[in-house]
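Please follow the fold strand by strand and then helix by helix, with the sequence and the coordinates side by side.

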Amino acid sequence: MNIGLEPLKRVYKIFVDFDGTITKQDIGEQLFLQYGDTEKAEAIIKRISSRELTFVEGWKALFEILHSVSIDELTNFVHSFEIDKAFHRLVSFAREHQIEMIILSDGFEFYIRTILERENIADITVYSNRLIENGSGKPKPVFPYRDEECKDCANCKRNHVIENSGDDEFTIYIGNGSSDVCPAQYCDFIFAKDSLRKFCEKEKVTFFPYDNFNDVVSKLETLFAKKRLKKRHQAELRRKNLYKLG
Ligand SMILES: [Mg+2]
């Protein structure tokens with residue numbers, strides 16, 4: 001008879017950004033540079049990056065300068081973008097370890113789905129903004145996951161992190177941009193590049209730098225092999241503070 005205590009099985013959750021993280025380029029931005037007035041698109045993108053515009057304001061401004069373009073043409077354009085091929089390694093790694101992986105994007109579902117289907121990984125859960133066709137020949141953006149209190153992001157990634165992970169679980173965040181800054185801070189292990197990395201360095205938030213998903217998987221293998229794994233204290237505090245606010 002085995003009366004020894006079974007070690008508690010660690011539960012991990014992986015949250016991953018899409019544009020510039022899974023894909024090499026930011027498809028959301030490239031769409032407007034290609035099919036909108038390029039100069040105006042560049043100016044708006046700059047104002048979003050500098051936080052002069054909120055994401056919702058920015059997306060709405062970008063859709064205003066979008067020329068009339070068919071969904072077929074957009075789809076073809078989307079197909080010209082590559083993903084980081086090593087992302088497939090992370091998908092296999094997550095499956096092998098039965099880890100749920102969720103894509104959180106402040107971009108749009110139609111191009112994310114297009115890419116995931118092409119890559120045969122369409123079963124991954126995605127939370128993102130959406131487009132609707134209103135018959136004008138121009139798609140219109142809708143933001144089903146906007147937070148009522150905080151207007152910074154179009155899709156509140158933080159809420160998805162909180163709603164999809166328990167306090168006893170180890171949360172992993174992988175991202176590269178300004179919409180990743182907030183949700184990453186609620187996670188235990190942060191993989192950061194580009195502006196997310198700059199933020200972590202400046203604010204002394206513990207993170208792992210990465211160039212591609214091979215780096216991420218190698219690091220995760222090391223972490224998973226550890227006998228003891230500590231949750232990130234600052235992330236725990238942030239969660240607690242959020243619960244207090246209700
Ligand atoms: Mg990104």
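**From the sheet to the helix pairs**

F108 of β2 has N129 as its bridge partner in β3. This contact belongs to a predicted model, and it is one point in the pairing of β2 with strand β3 (residues 125–133), which proceeds in the parallel sense over four bridges. β2 itself is mostly covered, with seven of its nine residues buried.

Where do these two strands sit in the sheet as a whole? The sheet is open and has seven strands, in the order β4-β3-β2-β1-β5-β6-β7, and its pairing is mixed. At its edges stand β4 (139–142) and β7 (208–209), each of which has a single partner strand, so one side of each is left without a neighbour in the sheet. In general, the strands of a sheet pair through backbone hydrogen bonds, in either a parallel or an antiparallel arrangement.

Moving along that order from β2, one comes to β1, which pairs with strand β2 (residues 100–108) in the parallel sense over four bridges; within this pairing, K13 has E100 of β2 as its bridge partner. On its other side, β1 is joined by five bridges to strand β5 (residues 170–175), and the two strands run parallel, with I14 standing opposite I172 of β5.

Is strand β1 enclosed or open to the outside? Five of the five residues of strand β1 (residues 12–16) are buried, so this strand is largely enclosed by the rest of the structure. In a regular strand, side chains alternate between the two faces of the sheet. In β1, Y12, I14 and V16 point one way while K13 and F15 point the other way, and all of them are buried.

The residue opposite I14, namely I172, links this part of the sheet to the nonpolar interior. Apart from its neighbours within four places in sequence, I172 is in contact with Y12, K13, I14, F15, C187 and F189. In the largest nonpolar core, which has 55 residues, I172 is among those that touch the most other members, together with F15, Y173, C187, I190 and F191. In soluble globular proteins, nonpolar side chains tend to be buried together.

Further along the sheet, strand β6 (residues 189–192) pairs with β7 in the parallel sense over two bridges, and A192 has P209 of β7 as its bridge partner.

Two helix pairs complete this tour. Helix α5 (residues 87–96) packs against helix α10 (residues 213–225) at an angle of about 30°, with their axes 7 Å apart. Because of that angle, α5 is roughly parallel to α10. The contact is made by F87, R89, L90 and F93 on the side of α5, and by F213, N214, V216, V217 and L220 on the side of α10. In this pair, α5 passes α10 in a left-handed crossing.

In the other pair, the axes of helix α4 (residues 71–79) and helix α6 (residues 109–118) come within 10 Å and cross at roughly 55°, which means that α4 is oblique to α6. The crossing of these helices, α4 and α6, is right-handed, and here T75, V78 and H79 of α4 meet Y111, T114, I115 and R118 of α6.

Methods
Residues numbered from 1 in each chain as written. Predicted model: local features only at pLDDT ≥ 70, side-chain atom pairs only at ≥ 80, totals over all residues. Core = buried A, V, L, I, M, F, W, Y, C linked by C-beta atoms within 7 Å. Buried ≥ 20, exposed ≤ 12 C-beta atoms within 10 Å, placed from the backbone. Contact = placed C-beta atoms within 7 Å. Pairing = 2+ DSSP bridges. Axes fitted to C-alpha atoms, helices over the stretch in contact; angles between N-to-C directions. Parallel < 35°, antiparallel > 145°, perpendicular 65-115°, else oblique. Left-handed = near helix turned anticlockwise from the far one by under 90°.
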